[in-house]
Amino acid sequence: MAKVYTMIPGGNPPNPPILGETFPPGPSARFWRDHPPRPAWGATKLGPVKASPQSQLRLLELADLDAELARLDHRRRNLPEAAELARLEARAGELKDALVATETELGDLAREQTRAERDVDQVRTRIDRDRARLDAGQVSAARELAILQSEIESLRRRQGDLEEIVLELMERREGLVSRQDELSAERDRLGVETAEVTARRDTAAKEIDEQTAKAADQRSGVAAGVPSDLLALYEQIRDSRGVGAAALRAGRCEGCHLTLNTVDLNQIRASAPDEVLRCEECRRILVRTPESGL
Ligand SMILES: [Zn+2]
């Protein structure tokens with residue numbers, strides 16, 4: 001869909017889009033913000049909108065409130081608690097994975113241990129059987145006796161090896177169980193911490209929301225006292241520049257901090273009080289105040 005670009009009245013050379021006109025995809029609003037067209041004329045241009053000095057001063061209140069709202073919005077989006085929660089959540093994920101891995105390893109070990117213990121039992125049974133045959137005097141031939149004794153010897157060695165394996169498995173199991181305990185304890189601590197940080201985040205967010213509602217209320221009140229054409233101009237500039245109006249203080253635009261030269265200041269001095277002035281540099285509405293240094 002084609003996009004509608006807006007023009008800053010009195011501010012743009014012919015090339016940027018005209019107010020309300022539909023354009024095919026072209027430079028974005030962001031482009032025009034970053035590459036503000038320079039006015040074709042010299043000093044501060046008088047806009048087509050006229051407004052009483054009181055109405056113009058209200059724009060400064062409006063700009064302050066808009067800045068406050070932008071600050072609150074930025075704070076709301078960048079709560080330190082949100083970053084902390086993301087960190088806690090990532091750690092909780094790691095812990096969960098580690099616990100699952102430990103659980104799996106413990107299961108494998110238990111099976112291995114059962115197998116090894118069964119092997120030990122089998123060897124022990126065979127030793128007992130061989131010993132029973134020996135004790136019963138069933139074997140009398142010297143050669144057969146020697147074979148039986150040697151088999152018992154090797155079975156005993158095998159039993160020793162298998163018992164060694166069982167011990168080793170038990171040690172590994174103990175290590176894993178204590179690791180599992182540590183992980184579970186950390187997971188529990190993390191749960192408590194997450195609940196605390198969540199509560200803190202909610203409190204902070206609620207506070208900001210309340211301040212935002214208050215500032216938005218005040219803004220509506222101030223905006224209601226600004227003539228609609230002046231307000232529309234202010235909003236248009238604010239949309240493209242972020243800030244719609246700035247005070248002229250001690251010969252300087254408070255928006256971009258440009259100090260106006262004598263020619264510009266003389267032109268402003270010559271302007272009627274209801275002329276709406278624009279800063280040549282930043283194109284904001286330049287509001288005259290008692291401290292303007294005129
Ligand atoms: Zn300026």
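**Exercise 1. What is the handedness of the crossing of α3 and α4, and how are the two helices oriented?**

*Solution.* The model is predicted: local features need pLDDT of at least 70, side-chain atom pairs count only at pLDDT 80 or more, and totals for chains, interfaces and linings use all residues. Residues are numbered from 1 along each chain as its sequence is written.

Step 1. Helices (H or I, at least four residues) and strands (E, at least two) are DSSP runs, numbered from the N terminus. Helix α3 covers residues 80-135, and α4 covers 142-224.

Step 2. The axes of α3 and α4 come within 6 Å and cross at roughly 165°. Axes are lines fitted to C-alpha atoms, for helices over the stretch in contact, and angles run from 0 to 180 degrees between N-to-C directions. The crossing therefore makes α3 roughly antiparallel to α4, where angles under 35 degrees count as roughly parallel, over 145 as roughly antiparallel, 65 to 115 as roughly perpendicular and the rest as oblique.

Step 3. The crossing of α3 and α4 is left-handed; that is, the near helix is turned anticlockwise from the far one by less than a right angle, whereas clockwise would be right-handed.

Step 4. From its first C-alpha to its last, α3, with 56 residues, reaches 80 Å, close to the 82 Å expected at 1.5 Å a residue. The expected span is 1.5 Å times one less than the number of residues. Just after α3, G137 takes a positive phi of about 70°.

**Exercise 2. Describe helix α2 (residues 53-77) and its surroundings.**

*Solution.* Step 1. The end C-alpha atoms of α2 are 36 Å apart, which agrees with the 36 Å that its 25 residues should span at 1.5 Å a residue.

Step 2. The buried residues of α2 are Q56, R58, L59, L62, A63, L65, D66 and L72. A residue is buried if 20 or more other C-beta atoms lie within 10 Å of its own, exposed if 12 or fewer, and partly exposed in between, with C-beta atoms placed from the backbone. Their cover includes α4, α5 (228-241), β4, β6 and β7.

Step 3. The axes of α2 and α4 come within 9 Å and cross at roughly 160°, so α2 is roughly antiparallel to α4. This crossing is left-handed. Residues making the contact include L62, L65 and L72 of α2 and I208, A215 and V222 of α4; two residues are in contact if their C-beta atoms, placed from the backbone, lie within 7 Å.

**Exercise 3. Which strands pair with β7, and how is β4 placed?**

*Solution.* Step 1. Two strands pair if DSSP finds at least two bridges between them. Strand β4 (residues 245-249) pairs with β7 in the parallel sense over 4 bridges, and β6 (residues 275-278) runs antiparallel to β7, joined by 2 bridges.

Step 2. I285 of β7 is the bridge partner of A245 and also of R278. In the hairpin of β6 and β7, which has 6 residues between the strands, R283 takes a positive phi near 70°.

Step 3. Both faces of β7 (residues 285-288) are covered, with I285 and V287 buried on one side and L286 and R288 buried on the other.

Step 4. Strand β4 is largely enclosed by the rest of the structure, because 4 of its 5 residues are buried. Strand β4 is also joined by 2 bridges to β5 (residues 252-253), and these two run antiparallel. L248 stands opposite C253 in β5. In the hairpin of β4 and β5, with 2 residues between the strands, A250 takes a positive phi near 50°.
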